[in-house]
Amino acid sequence: MQGLIERAKELLADGTVAQVLGWRKGDMGYDPEPAYFKSEEELKDFVYDAFCGANLSKYMIEAAKLEGKTLVFLKPCDTYSFNQLIKEHRVDRDKTYIIGVGCQGTLKPEKIREAGIKGIETVTIDGDTLKFDTIYGAKEMPFADALLERCKVCKGKKHMVYDELIGAAEDEEAGPVGNRFEEVEKLEAMSPEERFAFWQEQLSKCIRCNACRNVCPACSCRKCVFDSNQYDTSQKANAATFEEQMFHIIRAFHVAGRCTDCGECSRVCPQGIPLHLLNRKFIKDIDSFYGEYQAGADTDSRGPLTNFTFEDVEPSIVQTRGGGH
Amino acid sequence: MQVENTEFRPKIVAFCCNWCSYAGADLAGSSRLAYPADVKIIRVPCSCRVNPMFILRAFQRGADGVILCGCHPGDCHYTTGNYYARRRMTLLFSMLDYLGVENGRTRVEWVSAAEGVKFSTTMNEFVAKIHELGENVRLEDLRCKG
Amino acid sequence: MYQIAKNKLNDLYQAISEKEDLFLPVSKGGQTNYGLWTNEAVADIDTLKTVKSGKDCFFPQSEVLYKSRHENGKISIDPTELQNKPFVVFGMRACDVRAVKVLDNVFLTDPVDSYYAARREHGTIVSLACHEPEETCFCKNFDVDAAEPGADVETWMVGESLYWKALTEKGESLTALVKEALADSFAEAGAEGEKKVEKEQAAVRGIIEKLPLSHLDLSRFKPENTMELFDSPAWEDMYKPCLACGTCTFVCPTCQCYDIRDFDGGKAGIRHYRCWDSCMYSDFTMMAHGNMRTSQLQRFRQRFMHKLVYYPANNDGMYSCVGCGRCVSKCPSSLNIVKVIKKLGGEGNE
């Protein structure tokens with residue numbers, strides 16, 4: 001972390017960048033917030049640790065409007081989002097200085113609470129263990145148990161775009177961990193009735209706070225269709241179950257082929273809805289129907305929904321492919 | 001005396017592209033080929049004009065089945081529109097299936113302006129399928145019923 | 001004071017729900033929120049904080065105000081019937097109970113909101129004292145006593161027993177109802193029970209004293225500082241991480257802003273309904289002439305100025321934050337009112 005601060009200071013001092021976008025430490029040890037730093041003085045509050053889950057690529061859309069270059073710290077999976085935004089002309093690569101930072105997985109404070117650890121005063125990451133001083137005494141839990149879902153099926157530790165790397169993993173070339181489609185496959189194997197019941201239970205928790213949309217780097221529309229008063233798409237009303245289905249299906253569809261599977265939607269959902277399972281379904285279908293595709297792996301290929309081949313499968317495949325997909 | 005008709009009459013929305021399928025429906029009509037009156041046609045400039053929201057909105061407003069008809073691949077008036085529509089609908093239908101919506105409720109069929117017969121048989125088949133599936137309840141909006 | 005064994009709570013819920021609708025924290029899809037108790041529902045009163053507060057029971061996220069229909073050349077209007085049956089909300093924590101008072105000040109002063117008033121009139125609140133407060137709790141700053149939650153009936157979970165004490169007339173009649181239905185398993189707690197509760201209260205107060213956010217300095221949030229706070233350059237820095245989602249407002253027990261909209265259901269008629277709105281949303285202040293809050297900075301500032309300055313100025317110094325800490329744990333960007341208080345509240349925060 002000190003290395004990041006030092007480098008940021010240098011880049012600010014020599015005028016390469018006008019501001020630094022990183023994380024500022026919070027009060028609890030697990031609540032850093034995305035923040036801009038403009039001076040050496042401000043950088044004393046800079047932090048980078050496993051609690052820095054926020055994907056800063058989203059903020060780069062706004063940063064493109066700022067004066068001068070912005071230094072941004074991106075974790076490997078954040079770089080996919082940034083690449084995708086370059087492809088869509090939503091960020092300005094020339095006004096960005098990217099330092100790729102190494103990542104050992106990011107954590108979800110909610111999981112710590114679920115493990116029964118509360119009254120936290122300090123948190124220390126000690127190798128594979130999270131150690132807490134709480135008002136109820138010292139506690140610890142395995143680091144891996146507090147990992148965000150997305151990190152359990154990490155895409156890989158390689159940065160897709162950067163100007164320089166600091167603290168990148170030695171196993172940078174290591175491939176993905178686990179099978180990220182496992183949960184999707186489980187759902188596919190269920191009967192339609194079971195699937196319907198599953199999604200009903202999950203989606204009915206939705207409070208229409210729009211956190212999933214607002215945090216999503218792929219949701220970069222200036223005006224969202226769900227914010228339009230011209231259609232009765234009610235951006236915030238929780239008036240009928242249909243609205244929740246509509247919102248989540250359409251949101252997932254609008255980012256299909258552009259979603260890099262960064263997992264921010266599931267990270268921020270206050271009701272713990274596994275929104276990534278919608279996006280991954282699209283990714284899985286795209287992979288199987290149109291060939292493997294990873295959004296954000298490059299900046300110039302055509303996305304699967306802005307492309308076609310003459311031999312594409314017909315929509316009737318949905319009926320004919322049978323259970324288990 | 002009035003007899004109450006309790007038989008299920010499905011509501012079917014058929015989005016038809018202006019250049020092929022709508023003309024195909026026309027031909028079916030002028031050839032006196034029958035298809036159920038439950039099918040309500042909405043004419044669109046091209047099958048790729050159909051946004052997934054249209055499909056969901058149709059279900060919300062009480063449709064029991066939605067079918068999209070366009071020019072055969074290769075015959076699109078705008079050259080490539082239906083290729084994009086094909087990808088979109090494939091993914092959308094798969095998603096609806098994943099969410100537990102009965103997968104026969106949505107369909108895509110390519111119908112040319114010369115295929116009045118195909119139009120009518122497709123519609124007959126589709127309506128029969130919806131009869132089999134019954135009323136749409138998984139994508140309904142109670143605010144639009146009753 | 002009465003007591004009932006923890007393993008008999010389902011009988012208690014059953015007894016209440018036979019006579020009245022019972023809302024309590026229910027676990028569904030891995031999260032705990034207030035919901036109607038039924039035999040299938042999984043009651044969960046151990047979770048300290050429900051995701052959404054109990055606000056929904058009195059001020060639901062969406063409610064239809066009236067329906068109208070156009071038929072045979074005639075327009076009919078069908079207003080929604082006001083709540084006219086008694087119901088019980090069980091398990092509200094002290095902060096949420098205070099939040100109801102905050103809402104009362106808004107909805108029960110002239111012009112009275114009849115939908116809310118009817119629910120308040122018919123609702124009985126059974127509060128539940130906190131047992132193990134969390135680091136995100138900061139209710140102490142607002143003089144909320146988590147060990148003495150108040151409302152119509154207050155309860156404490158001590159060991160394997162729930163202790164029950166009626167405080168109001170409504171509380172007394174609910175107690176009578178429960179007593180009649182449960183007979184022996186709902187017994188007088190006696191002096192020993194009182195002692196246990198007192199001991200529990202002392203322990204909880206001791207914990208709260210030690211919580212990291214229990215001693216915030218709110219001294220600068222005074223009406224006379226309104227302009228100074230409004231113009232503070234600190235907002236510029238603070239609002240930046242805000243994603244403009246509505247999480248904080250929708251999980252907040254005191255946020256009371258709403259929007260009124262129409263839904264056109266075609267032949268089923270039109271529903272005139274209201275739903276919670278969020279001052280974080282760009283269309284919150286959208287009016288015919290345009291939008292007077294054009295930046296996220298302004299929207300962000302509004303939320304906190306309202307909670308800490310404007311509301312107290314109009315309500316005898318009562319803050320419209322109750323320190324429940326939901327926003328602290330739910331904000332996607334880890335922004336929250338505590339960070340604002342620390343920055344602007346006063347010198348004691350440094």
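## A quick tour of three chains

In this predicted model, the C-alpha centres of domain 2 and domain 3 of chain A are 33 Å apart. Where do those domains sit in the chain A numbering? Domain 2 covers 110-146 and domain 3 covers 180-320, while domain 1 comes in two pieces, 1-108 and 148-178.

Now hop over to chain B and look for strand S3, residues 65-70. Is S3(B) mostly covered or not? It's mostly covered, with six of its six residues buried. One side of S3(B) carries B:Gly65, B:Ile67 and B:Cys69, the other side carries B:Val66, B:Leu68 and B:Gly70, and both faces are covered. S3(B) also pairs with two strands of chain B, S1 and S4. Here's how those pairings look:

| Strand paired with S3(B) | Bridges | Direction | A pair to find |
|---|---|---|---|
| S1(B), residues 12-17 | five | parallel | B:Cys16 with B:Cys69 |
| S4(B), residues 106-110 | five | parallel | B:Val108 opposite B:Leu68 |

Two residues in that table, B:Cys69 and B:Leu68, are buried on opposite sides of S3(B).

Last stop: chain C, where two helices cross. The axes of H1(C), residues 9-19, and H4(C), residues 169-182, come within 9 Å and cross at roughly 115°. That crossing is right-handed. Which residues meet there? From H1(C) you get C:Asp11, C:Leu12, C:Ala15, C:Ile16 and C:Lys19. On the H4(C) side, they meet C:Leu174, C:Leu177, C:Val178, C:Ala181 and C:Leu182. Sort the residues of this contact by type and you find eight nonpolar, two charged and no polar ones.

How values were computed: Residues numbered from 1 in each chain as written. Chains lettered and ligands numbered in written order. Predicted model: local features only at pLDDT ≥ 70, side-chain atom pairs only at ≥ 80, totals over all residues. Heavy atoms only, no water. Domains from an automatic or database assignment. Axes fitted to C-alpha atoms, helices over the stretch in contact; angles between N-to-C directions. Helix = DSSP H or I, 4+ residues; strand = E, 2+ residues; numbered from the N terminus. Left-handed = near helix turned anticlockwise from the far one by under 90°. Contact = heavy atoms within 4.5 Å. Nonpolar A, V, L, I, M, F, W, Y, C, P; charged D, E, K, R; others polar. Buried < 20%, exposed > 50% of the residue type's maximum accessible area, 1.4 Å probe, protein only. Pairing = 2+ DSSP bridges.
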